[in-house]
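Student: I've just opened this one and would like to know why things get the labels they do. Where shall we start?

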Amino acid sequence: MLKVEHIGIAVKNMESANSLFGKLFNKTPYKLEKVESEGVATSFFQMGETKIELLEAENEDSAIAKFIEKKGEGIHHIAYEVENIESEMKRLETEGFQIINKAPKKGADNKLVCFLHPKSTNGVLIELCQEIKK
């Protein structure tokens, strides 16, 4: 794992969350993006080398909607940048971590992503992400 790539924060309302975090960080998001396959709208703030990703549910069946229903708004996941997501997934599975999706999938911000189940990471949802090379 190379670095913390971003911290994902689940929010109920993207417009008000962008306003709040915009005031907090004294900047505007650099990117708004929908990830249809996950039923989520995202907004990204760049903070040095790390990003803050705001996540709003687009439908009540999305993972973000379920998370907010159970736990309320707040930190949803921590994402780590990796050089080779497939080899890192194999390494972590060998080490006993439970991988939620068995193959990387396209996520927001031009990334391939996969998630580690919180049951195997002391209750923290971990995302691995790799830049999609064009």
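Tutor: Let's start with one facing pair: leucine 112 stands opposite glutamine 130 in β8. Keep in mind that this is a predicted model, where local features need pLDDT of at least 70 and side-chain atom pairs count only at pLDDT 80 or more, while totals for chains, interfaces and linings use all residues. Residues are numbered from 1 along each chain as its sequence is written, and side-chain values use heavy atoms, with hydrogens and water left out.

Student: What makes β7 and β8 a pair?

Tutor: The rule is that two strands pair if DSSP finds at least two bridges between them, and a strand is a DSSP run of E with at least two residues (a helix is a run of H or I with at least four), numbered from the N terminus. β7 and β8 have 6 bridges, in the antiparallel sense, so they pass the "at least two" rule. Another facing couple here is lysine 111 and glutamate 131 of β8.

Student: Which way does β5 run against β8, parallel or antiparallel?

Tutor: Parallel, with 4 bridges joining them. Tyrosine 80 is the residue that faces leucine 128 of β8.

Student: What makes β8 largely enclosed?

Tutor: Count its buried residues, where buried means under 20% relative accessible area, exposed over 50%, and partly exposed in between (1.4 Å probe, protein chains only). In β8, residues 126–131, 5 of the 6 residues are buried, so the rest of the structure largely encloses this strand. β4 gets the label for a similar reason: 6 of its 8 residues are buried.

Student: Which strands are joined to β4?

Tutor: β1 runs parallel to β4 and is joined to it by 6 bridges, with isoleucine 9 partnered by leucine 54 in β4. β3 runs antiparallel to β4, with 8 bridges, and there valine 40 faces alanine 57 of β4. β3 and β4 also form a hairpin with 2 residues between them, and glycine 48 in the turn has a positive phi of about 65°.

Student: What is the order of the strands in the sheet?

Tutor: The open sheet has 8 strands in the order β2-β3-β4-β1-β5-β8-β7-β6, with mixed pairing. β2 (31–35) and β6 are the edge strands: each has a single partner, so one side of each has no neighbour in the sheet.

Student: Why is histidine 77 called buried?

Tutor: Its relative accessibility is 3%, so histidine 77 counts as buried. This residue sits in strand β5. Leaving out residues up to four places away in sequence, histidine 77 touches His6, Ile7, Gly8, Glu53, Leu55, Phe115, Leu125 and Glu127, where a contact means heavy atoms within 4.5 Å.

Student: How do you know that histidine 77 makes a polar contact with histidine 6?

Tutor: A polar contact needs a pair of N or O atoms within 3.5 Å; within protein one must be able to donate a hydrogen and the other to accept it, and residues adjacent in sequence count only if both atoms are side-chain atoms. The side chains of histidine 77 and histidine 6 make one at 3.0 Å. Histidine 77 has a polar contact with histidine 76 too, side chain to side chain, at 2.9 Å.

Student: Why does asparagine 18 count as buried?

Tutor: Its relative accessibility is 15%, so asparagine 18 counts as buried. It belongs to helix α1 (residues 14–25). Apart from residues up to four places away in sequence, asparagine 18 touches Pro29, Leu32, Ser43, Phe45 and Leu54.

Student: What stands out about the phi of aspartate 109?

Tutor: Aspartate 109 is not a glycine, yet its phi is positive, about 60°. The residue lies in the loop between β6 and β7 and is buried, with a relative accessible area of 8%. Asparagine 110 is found in that loop as well, and its phi is also positive, near 60°.
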